[in-house]
Amino acid sequence: MSPLVTIVELREAIADALAEEKSYNLPAICTALELEPGTEEEAYSSKRSYVRNRIITKSLSDLVDLGEKLLERYPNVEDLSNIVYLFKAQAGGVSGDIKNLIFAADGPKPELVLADALNNTIEIVENAEYCLVYNLPIPRSGLLWQDLVEWWANSNDLAFPDRETEESLFLRLRNSLASPPERLFFNSYFQGYHNALGESFPALIPQVYLHFDPKSLKDLGGQQRLPRQRMDFLMLMPNNQRIVIEIDGKQHYSESNNVPSPRKYSEMVAEDRRLRLLGYEVYRFGGYELRDDESNKAQSGNLVQNFFCQLFDKHNIIPTSET
């Protein structure tokens, strides 16, 4: 479904609102709005171009925030008011705040208890050393790689910013990935976008617990009560947009003897439907697409990078090389 309004229309509405000001006032107003002030001469040349040059690289969430600030200053600008309202209405995403981000387990399953049922507070009582728990609020801008690195540095008394600290987190996350296709996917993302996106580089979070059943499959006689306890990858984007990425090996659609299983496939697509109805975006890759042998590795890496190029375009995340 096409959006009701576009990011270009939002930029133009912001430029139109500020163009009503006197040229000599614009640098001070932009400073107050935390935009680059520029010079009066530039503003005299073209007020709208002056404003556009300062907001062209802003993300959608930043522009909506800026629009709301302007409406406090100019409450009667009808076009801007309508566009900001429509963007907030169509933003979608997943309702509610993230309370427990448990991820990157590289050993036995953590054992959890509900320490405070009223506040949904959990506590890991066993195997905590094998998983990571991000315990900070997720900002409206989403969870960026630099946020994750800073948290990692503070949690482990490491230097920040520091290349070795960053590399140690990267290796720790990659160590939680058991299959070659998952590792290729993770590596390809970082190789393609770490430098290109700079501070806007969203964190690709591996092996995130979505559901939790305290009993093992062995305890349950092989009958799983909760589907998809872990997501292969999760990205937390601006405005509560959550991206789930699954890398499908044979275990997703066949039994242990490699016989195709309609039951397993049905369970998988039913869970996808449920997540989408909750507001998640779900994307699947077949393990066959991500082969890391010499003849296919480059092609697989390009496939991953092209996917993220389109995903970031959809979410208005702009590489620094394009700014």
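Helices (H or I, at least four residues) are DSSP runs numbered from the N terminus. The structure is a predicted model, in which local features need pLDDT of at least 70, side-chain atom pairs count only at pLDDT 80 or more, and totals for chains, interfaces and linings use all residues. Residues are numbered from 1 along each chain as its sequence is written, and side-chain values use heavy atoms, with hydrogens and water left out.

Helix α1 spans residues 7–19 and contains R11. R11 is buried (under 20% relative accessible area, 1.4 Å probe, protein chains only). No salt bridge (a side-chain nitrogen of Lys or Arg within 4 Å of a carboxyl oxygen of Asp or Glu) is formed by R11, and the nearest side chain of opposite charge, that of E12, lies 7.3 Å away. With neighbours within four places in sequence set aside, R11 is in contact (heavy atoms within 4.5 Å) with I55, I56 and L63.

In helix α4 (residues 47–55), the buried residues are Y50, V51, R54 and I55. These residues lie on the same side of α4 because they cover an arc of only 120° around the axis, the arc being that of the directions from the helix axis to the C-beta atoms. They pack against α1, α2 (26–32), α3 (40–45) and α5 (60–73).

The largest nonpolar core (buried Ala, Val, Leu, Ile, Met, Phe, Trp, Tyr and Cys residues joined through side-chain atoms within 4.5 Å) has 48 residues, of which F103, L148, F185, M235, I245 and F308 touch the most other members. Helix α9 (residues 180–197) gives the most to this core, with six residues. A second, separate core comprises 27 residues, including A17, L18, C30 and L60.

Definitions and conventions
Helices (H or I, at least four residues) and strands (E, at least two) are DSSP runs, numbered from the N terminus. Buried means under 20% relative accessible area, exposed over 50%, partly exposed in between (1.4 Å probe, protein chains only). Lys and Arg count as positive and Asp and Glu as negative; His and the chain ends are not counted.
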